[in-house]
Amino acid sequence: MKKIVVLMVVMVLLIGCSNEEVTNYEYTFTGEGTYWQAEYVYEGTETREKEDGRTTYSNEDSDEMRLTYKGSLDEIESIKKLEFSYVTSVGSGGGVREFDAPPNDLTFTLSGGSTGAKVKEDEIIQVVVTWDDFEESFELTNEKK
């Protein structure tokens, strides 16, 4: 029992002496146009560490963009090409889907991840969707900012 108490005290001291500050975050941005709606989920871990009088910073993140057609599958059965893109303060992303057969889903997803700069929770993310001869633009915002 005495060994367990000593081990717990040592662990508390080691944790208390750590110069590392870790912050986890998750932001969900949503928005819609006339035909499309989107949700951009951005999550990650930000680490700040003090070592030898210097502070270092690192960020690891992942993101997922879900684009959903607001109508029915029947309305987009003749679609041949879908392109969508989005722009944040730290970069951009997008995708292209070409269809030989009618789409079998109303939602299209693009996932990624990186290290480096971090998307701000109060950003306004620009989205552009192009399908065949049509185009729609709209903004995504974080309602929980």
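# A look around a predicted fold

Arg66 has a relative accessibility of 26%, so Arg66 counts as partly exposed. That label sits in the middle of a scale: buried means under 20% relative accessible area, exposed means over 50%, and partly exposed is in between (1.4 Å probe, protein chains only). Before we go on, keep in mind that this is a predicted model: local features need pLDDT of at least 70 and side-chain atom pairs count only at pLDDT 80 or more, while totals for chains, interfaces and linings use all residues. Residues are numbered from 1 along each chain as its sequence is written, and side-chain values use heavy atoms, with hydrogens and water left out.

## The overall layout

Let's zoom out. The protein chain has 1 helix and 8 strands (DSSP runs numbered from the N terminus: H or I over at least four residues for a helix, E over at least two for a strand). Reading from the N terminus, the order is α-β-β-β-β-β-β-β-β, with the helix ahead of the strands. Of the 145 residues in the protein chain, 28% are buried. The accessible surface of the chain comes to about 9800 Å² (Shrake-Rupley method, 1.4 Å probe; for residues, only the protein chains shown count as cover). Carbon and sulfur atoms own 50% of that surface.

How much of the contact count comes from residues 24 or more positions apart? Among contacts in the protein chain with a separation of 6 or more, such pairs account for 61%. A contact here means heavy atoms within 4.5 Å.

## The core

In soluble globular proteins, nonpolar side chains tend to be buried together. In this model, the largest nonpolar core has 24 residues (a nonpolar core is a set of buried Ala, Val, Leu, Ile, Met, Phe, Trp, Tyr and Cys residues joined through side-chain atoms within 4.5 Å). Trp36, Tyr40, Met65, Leu82, Val129, Phe138 and Leu140 touch the most other members of this core. Two or more residues of the core come from each of these elements: strand S1 (20-32), strand S2 (36-51), strand S3 (54-69), S4, strand S7 (124-131) and strand S8 (134-142).

Take Leu82 for a closer look. Leaving out residues up to four places away in sequence, Leu82 touches Trp36, Gly95, Val96, Arg97, Phe99, Phe108, Val129, Thr130 and Trp131.

Now follow strand S4 (residues 81-88) to Thr88, which lies in it. Is Thr88 buried or exposed? With a relative accessibility of 11%, Thr88 counts as buried. Its contacts, again without residues up to four places away, are Tyr40, Val119, Glu123 and Ile125. Thr88 and Val119 are 31 residues apart in sequence, yet their C-alpha atoms are 6.8 Å apart in space.

## Rings

A search of the whole structure turns up 13 aromatic pairs. One of them is Tyr40 with Tyr86: the ring centres are 5.1 Å apart and the planes sit at 50°, so this pair is tilted. (Rings of Phe, Tyr and Trp, using its six-membered ring, pair if their centres lie within 6.5 Å; planes under 30 degrees apart are stacked, over 60 edge-to-face, and the rest tilted.) Tyr40 belongs to strand S2 and Tyr86 to strand S4, so the pair ties together parts that are 46 residues apart in sequence. Tyr40 is buried at 2% relative accessibility, and Tyr86 is buried at 6%.

Phe99 and Phe108 make another pair, with ring centres 6.0 Å apart and planes at 65°, so this one is edge-to-face. Both Phe99 and Phe108 are buried. They also belong to one aromatic cluster together with Tyr35, Trp36, Tyr69, Trp131 and Phe134.

## Charges

Side chains of opposite charge can pair when their charged atoms come close. The whole structure holds 5 salt bridges. Glu32 is in strand S1 and Lys70 in the loop between S3 and S4, so their salt bridge ties together parts that are 38 residues apart in sequence. A salt bridge means a side-chain nitrogen of Lys or Arg within 4 Å of a carboxyl oxygen of Asp or Glu. Here are three of them:

| Acidic partner | Basic partner | N to O distance |
|---|---|---|
| Glu32 | Lys70 | 2.4 Å |
| Glu64 | Arg66 | 2.0 Å |
| Glu83 | Lys81 | 3.6 Å |

Salt bridges with shared partners join Glu39, Glu64 and Arg66 into one network. Glu64 is partly exposed, with a relative accessible area of 25%. Glu32 is partly exposed too, at 48%, and Lys70 counts as partly exposed at 35%.
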